[in-house]
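I opened my notebook with two things to look up: how one strand sits among its neighbours, and what surrounds one charged side chain.

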Amino acid sequence: MAPSAIPPVTELSDRPAVSAEKISESDGTKVPEVGFRNDPNTSPPKFEDPYAERKYLKHRLAIAYRILAKHDLSETVAGHITLRDPVDPESFWVNPFGMHFSLIRDEDLIRVNHDGQVVDGGRNRLLNQAAYAIHAAIHKARPDVICAVHSHTIYGRAFSATGRPLLMLTQDFCTFHDDIVLYPNFAGLVLAAEEGRRIAAALGPRKAAVLGNHGLLTVGQTVEAAVVYFVMLEKLCQVQLAAEAAAGGAGEKLIVIGKEEAAVTYESIGRAENGYFMGLPLFQVGEREFGESTFWGRGLEPL
């Protein structure tokens, strides 16, 4: 095998899978969740007033842009994160075109309706048409999606050029087990609504997509979930590229997690309701950009 060749894979399935539902305490009580426990304190806050919710979520969106900037996940004027507006769900908030992620504040965000019209926002109301084409289609097709993230990252772009699916190589990969799609059709800049609809259709009910020769896309029921999925996916692309290079250079096979083991692991760490809590550590750091801290995303406190 040439050192540059992509190595074959071997599925590691000779070990019995352990289902989360089969794990019991000494008294026989079932423990339904291994990775996370359902707790109202670790779930996103609820709002009676949609305008209060809008204010809160816009700030979380501004923090989200700072998080991507801290992880070097922005590229010139490309990339966008959108937030479905809780007051008018037929519109979404997004970054103004041409503003660096690291500088975005709540008041800079702009609101766009599903017809592509900027109806609210900061002084710079330029709209990235690719952001509209992709995100409007996703928000229309997926009422459950509150936030969607897309950017042109280093490892995401490199991985998207391989035409390879994401393999279940480690525990973290299982967050995306059967929950990610490869969209191989690169049709140039996504400026047409039809291409956005094709991407949304390919994404289907999943949380993530690798856009061929383009980059990564993640969605979530909260801002925190969509952002942590994106940051994780970028790192997993890096891990897979490194693993393929190492195995190929040594003439070895990659060992992938078996389907049953991956499915069980997904049940513990990959379900949609776990995304908010998974993303909180990133937001704890991101809050410092604004001189703030929160307790599980609730209540602003001065540092």
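**A strand and an arginine**

Cys 147 was my starting point, and I noted that it stands opposite Gly 220 in strand β9. I kept in mind throughout that this is a predicted model.

I then looked up how β6 and β9 are joined, and found that the two strands run antiparallel and share five bridges, with β9 covering residues 215–220. On checking for another partner, I found strand β2, residues 80–84, which pairs with β6 in the antiparallel sense over four bridges. Within that pairing, I wrote down that Thr 82 stands opposite Ala 148 of β6.

Next I asked myself how many residues of β6 are buried. The strand spans residues 147–151, and five of its five residues are buried. Going through the two faces separately, I listed Cys 147, Val 149 and Ser 151 on one side, and Ala 148 and His 150 on the other, and both faces turned out to be covered.

My last entry concerns Arg 111, which I located in strand β4, residues 110–113. Is Arg 111 buried or exposed? Its relative accessibility is 11%, and because the cut-off for buried is under 20%, Arg 111 counts as buried. I also looked up its polar partners, and noted that the side chain of Arg 111 makes a polar contact with the side chain of Asp 88 at 3.5 Å. Leaving aside residues up to four places away in sequence, I found that Arg 111 touches several others, among them Arg 54, Asp 85, Phe 92, Trp 93 and Asp 120.

Definitions and conventions: Residues are numbered from 1 along each chain as its sequence is written. This is a predicted model: local features need pLDDT of at least 70, side-chain atom pairs count only at pLDDT 80 or more; totals for chains, interfaces and linings use all residues. Side-chain values use heavy atoms; hydrogens and water are left out. Buried means under 20% relative accessible area, exposed over 50%, partly exposed in between (1.4 Å probe, protein chains only). Two strands pair if DSSP finds at least two bridges between them. A polar contact is a pair of N or O atoms within 3.5 Å; within protein, one must be able to donate a hydrogen and the other to accept it, and residues adjacent in sequence count only if both atoms are side-chain atoms. Contact means heavy atoms within 4.5 Å.
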